[in-house]
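Welcome aboard! Open your viewer, pick a cartoon representation, and keep the selection box handy while we walk through the model.

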Amino acid sequence: MKKVVACMLVALALSGCKTSPTGRTQIMLYPEQQMDEMGVASFDQIKSKQAIESEKSSNQYVSCIADALIAQLPNKYASQKWEVVVFKDDSANAFALPGGKIGVNTGLLKVAKNQHQLAAVMGHEVGHVIAQHANERVSQSSLLQAGLQVSNAVMQMNNIEYRNTIMQGLGVGAQVGIALPFSRSHETEADIIGLELMAKAGFKPIGAVELWQNMEKLGGERPMEFLSTHPSPDNRIQRLNNKMHSANSLYQAAKQQGLSPNCKM
């Protein structure tokens with residue numbers, strides 16, 4: 001029985017193998033349409049609970065940056081209708097969801113000092129969408145849960161002593177050893193995609209580094225990186241700097257094409 005279940009899990013995982021925009025192998029088990037529907041539903045729920053900024057200049061500023069970034073997306077994403085909403089929230093945050101949804105908090109507008117820095121965050125968030133990270137995370141959670149259930153069933157059938165303690169250890173191991181690094185790899189990949197996207201749109205790539213320097217100045221306690229879903233700001237800055245030469249080449253090419261956004265509050 002356990003061999004049959006294990007083979008089913010492997011077959012299911014292999015059937016959903018795809019490649020990310022950076023060439024990383026991904027497992028995605030859910031149809032894109034289903035993920036889009038989930039994204040739209042989640043966004044509608046957020047809008048029903050969170051105050052929306054009505055101030056015209058903020059909305060125009062964020063939409064201006066979004067339009068420039070969206071124009072550089074792969075066709076299937078560039079051609080879809082995107083909804084961009086500015087939320088009244090003091091936290092320095094933004095997000096994008098499958099189904100063409102972008103949210104930006106007013107608190108981020110105080111940390112991202114110019115269009116280039118804000119484009120870095122928005123490009124990063126859109127990067128999560130075009131790399132289908134949400135699908136990957138849901139698929140990963142499904143496989144992890146199935147794997148733990150199989151492990152528990154096998155130990156029950158074999159009357160393994162200390163089964164509950166072992167299962168707790170497996171749960172922690174799956175979280176720290178798989179789920180968190182998996183999430184950090186998403187953040188790093190979204191940083192790279194976002195950096196290239198903003199450069200292709202005509203925003204200065206150095207804005208991404210400056211943004212994370214601003215974030216670092218905010219301070220606050222953070223967990224150790226290996227227990228966090230996000231890389232540390234220092235590591236992000238280093239990786240962004242490593243990609244800066246190629247990003248600047250994309251930026252120069254964009255300028256030659258006449259792409260020079262002028263988004264202002």
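## First stop: the strands

Begin by selecting Ala96 and Ile102: Ala96 has Ile102 in E5 as its bridge partner. One thing to keep in mind as you look around is that this is a predicted model.

Now widen the selection to the sheet around that pair. The sheet is open and has three strands in the order E3-E5-E4, with mixed pairing. Its edge strands are E3 (83–87) and E4 (94–97), each of which pairs on one side only. Look along the sheet and you can follow the twist, which averages 15° from one strand to the next.

Next, take the two pairings in turn. Select E4 together with E5 (residues 101–105): these strands pair in the antiparallel sense over four bridges. They form a hairpin with three residues between them. Click on Gly99 in that turn, where phi is positive at about 100°. Then switch to E3 and E5, which run parallel and are joined by five bridges. Val84 is a good residue to label here, as its bridge partner in E5 is Ile102.

Stay on E5 for a moment and show its side chains. Are its residues buried or exposed? Five of its five residues are buried, leaving the strand mostly covered. Lys101, Gly103 and Asn105 point one way from E5, while Ile102 and Val104 point the other way.

## Second stop: Phe95

Select Phe95, which sits in strand E4. Its bridge partner in E5 is Gly103. With a relative accessibility of 17%, Phe95 counts as buried, because the cut-off for that class is under 20%.

Which residues does Phe95 touch, leaving aside those up to four places away in sequence? Show Phe43, Ile46, Phe87, Lys101, Ile102, Gly103 and Glu125. You can also draw a C-alpha to C-alpha distance from Phe95 to Met122: it comes to 7.4 Å, for two residues that are 27 apart in sequence.

## Third stop: helices across the sheet

Add helix H3 (residues 56–70) to the display. H3 lies across E3 and E5, running at about 145° to E3. Then add helix H6 (residues 115–130), which lies across E4 and E5 and runs at about 30° to E4.

## Fourth stop: the disulfide

Keep H3 on screen and show the cysteine sulfurs. How many disulfides does a search of the whole structure find? The search finds one. Select Cys64 and Cys263, which it joins with an S to S distance of 2.1 Å. The torsion about their S-S bond is about -75°, so this disulfide is left-handed. Cys64 belongs to helix H3 and Cys263 to the segment after helix H11 (244–256), so the pair ties together parts that are 199 residues apart in sequence.

Try coloring by accessibility here. Cys64 has a relative accessibility of 28% and counts as partly exposed, whereas Cys263, at 5%, counts as buried.

## Fifth stop: H6 against H9

Return to H6 and bring in helix H9 (residues 206–218). The axes of H6 and H9 come within 8 Å and cross at roughly 85°. The two helices are therefore roughly perpendicular to each other. To see the contact, select His116, Gln117, Ala120 and Val121 on the H6 side, with Gly207, Ala208, Glu210, Leu211 and Asn214 on the H9 side. Color these by residue class and you should find four nonpolar, four polar and one charged.

## Last stop: H9 against H10

Leave H9 selected and add helix H10 (residues 233–242). These helices pack at an angle of about 170°, with their axes 9 Å apart. H9 and H10 are therefore roughly antiparallel to each other.

Which residues of H9 meet H10? On the H9 side, show Ala208, Val209, Trp212, Gln213 and Glu216. Facing them from H10 are Pro233, Asp234, Arg236, Ile237, Leu240 and Asn241. Apply the class coloring once more: this contact divides into six nonpolar, two polar and three charged residues. If you still have the previous selection saved, look for Ala208, which is listed in the contact with H6 and in the contact with H10.

Note on methods:
Residues numbered from 1 in each chain as written. Predicted model: local features only at pLDDT ≥ 70, side-chain atom pairs only at ≥ 80, totals over all residues. Heavy atoms only, no water. Pairing = 2+ DSSP bridges. Axes fitted to C-alpha atoms, helices over the stretch in contact; angles between N-to-C directions. Contact = heavy atoms within 4.5 Å. Disulfide = S-S within 2.5 Å. Buried < 20%, exposed > 50% of the residue type's maximum accessible area, 1.4 Å probe, protein only. Parallel < 35°, antiparallel > 145°, perpendicular 65-115°, else oblique. Nonpolar A, V, L, I, M, F, W, Y, C, P; charged D, E, K, R; others polar.
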